[in-house]
Amino acid sequence: TPSNTLTEGNSVGDQFILTLQNPSSTDTTVSFTVGGTASAGSDYNSFGTTAVIPQGSTVWPIAVTLTDD
């Protein structure tokens, strides 16, 4: 299971990258979870739990804005 860690106070260019091993001939819907002690809405912007990687692509970034509190 791939994982990424983002650190509060480092809000420039924070993102998760979803990656496929091979490009697909159709759009690919990916479901993911976010865990840890941070809360959506108060510690970072809420961005959902699914993403669509477009046909022919192998990567899709999910931008994350952290709240420095």
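Select Phe32 and Phe47 to begin: both residues are buried, where buried means under 20% relative accessible area, exposed means over 50% and partly exposed lies in between, with a 1.4 Å probe and protein chains only. The model in your viewer is predicted, so that local features need pLDDT of at least 70 and side-chain atom pairs count only at pLDDT 80 or more, while totals for chains, interfaces and linings use all residues. Residues are numbered from 1 along each chain as its sequence is written, and side-chain values use heavy atoms, with hydrogens and water left out.

**The rings**

Stay with Phe32 and Phe47 and show their side chains: the two form a stacked aromatic pair, with 6.2 Å centre to centre and 25° between the planes. Rings of Phe, Tyr and Trp (its six-membered ring) pair if their centres lie within 6.5 Å, and planes under 30 degrees apart count as stacked, over 60 as edge-to-face and the rest as tilted. Phe32 and Phe47 both lie in the loop between strand S2 (28-31) and strand S3 (50-53), so the pair ties together parts that are 15 residues apart in sequence.

Add Tyr44, which is buried, as is Phe47; Tyr44 and Phe47 form a tilted pair, with 5.6 Å centre to centre and 35° between the planes. Then add Phe16, since ring pairs link Phe16, Phe32, Tyr44 and Phe47 into a cluster; the count of aromatic pairs comes to 3.

Which residues does Tyr44 touch, leaving aside its neighbours within four places in sequence? Tyr44 is in contact with Val34, Ala38, Ser39, Val64, Thr65, Leu66 and Thr67, contact meaning heavy atoms within 4.5 Å.

**The core**

Widen the selection to Phe16, Leu18, Leu20, Val30, Phe32, Tyr44, Phe47, Ala51, Ile53, Ile62, Val64 and Leu66, the 12 residues of the largest nonpolar core. Such a core is a set of buried Ala, Val, Leu, Ile, Met, Phe, Trp, Tyr and Cys residues joined through side-chain atoms within 4.5 Å. Strand S1 (15-19) and S3 are the elements that give two or more residues to this core. In soluble globular proteins, nonpolar side chains tend to be buried together.

**The strands**

Switch to a cartoon view: the protein has 0 helices and 4 strands, helices (H or I, at least four residues) and strands (E, at least two) being DSSP runs numbered from the N terminus.

Select S2 and S3, which pair in the antiparallel sense over 4 bridges; two strands pair if DSSP finds at least two bridges between them. Val30 stands opposite Ala51 in S3, and the bridge partner of Ser31 in S3 is Thr50. On S2, Thr28 and Val30 form the covered face, whereas Thr29 and Ser31 form the uncovered one. Along S3 the side chains alternate, with Ala51 and Ile53 pointing to one face and buried, while Thr50 and Val52 point to the other and are not.

**A last stop at Gly56**

Finally, select Gly56, in the loop between S3 and strand S4 (59-63). Leaving aside its neighbours within four places in sequence, Gly56 is in contact with Pro23 and Ser24. Gly56 and Ser25 are 31 residues apart in sequence, and their C-alpha atoms are 6.0 Å apart in space.
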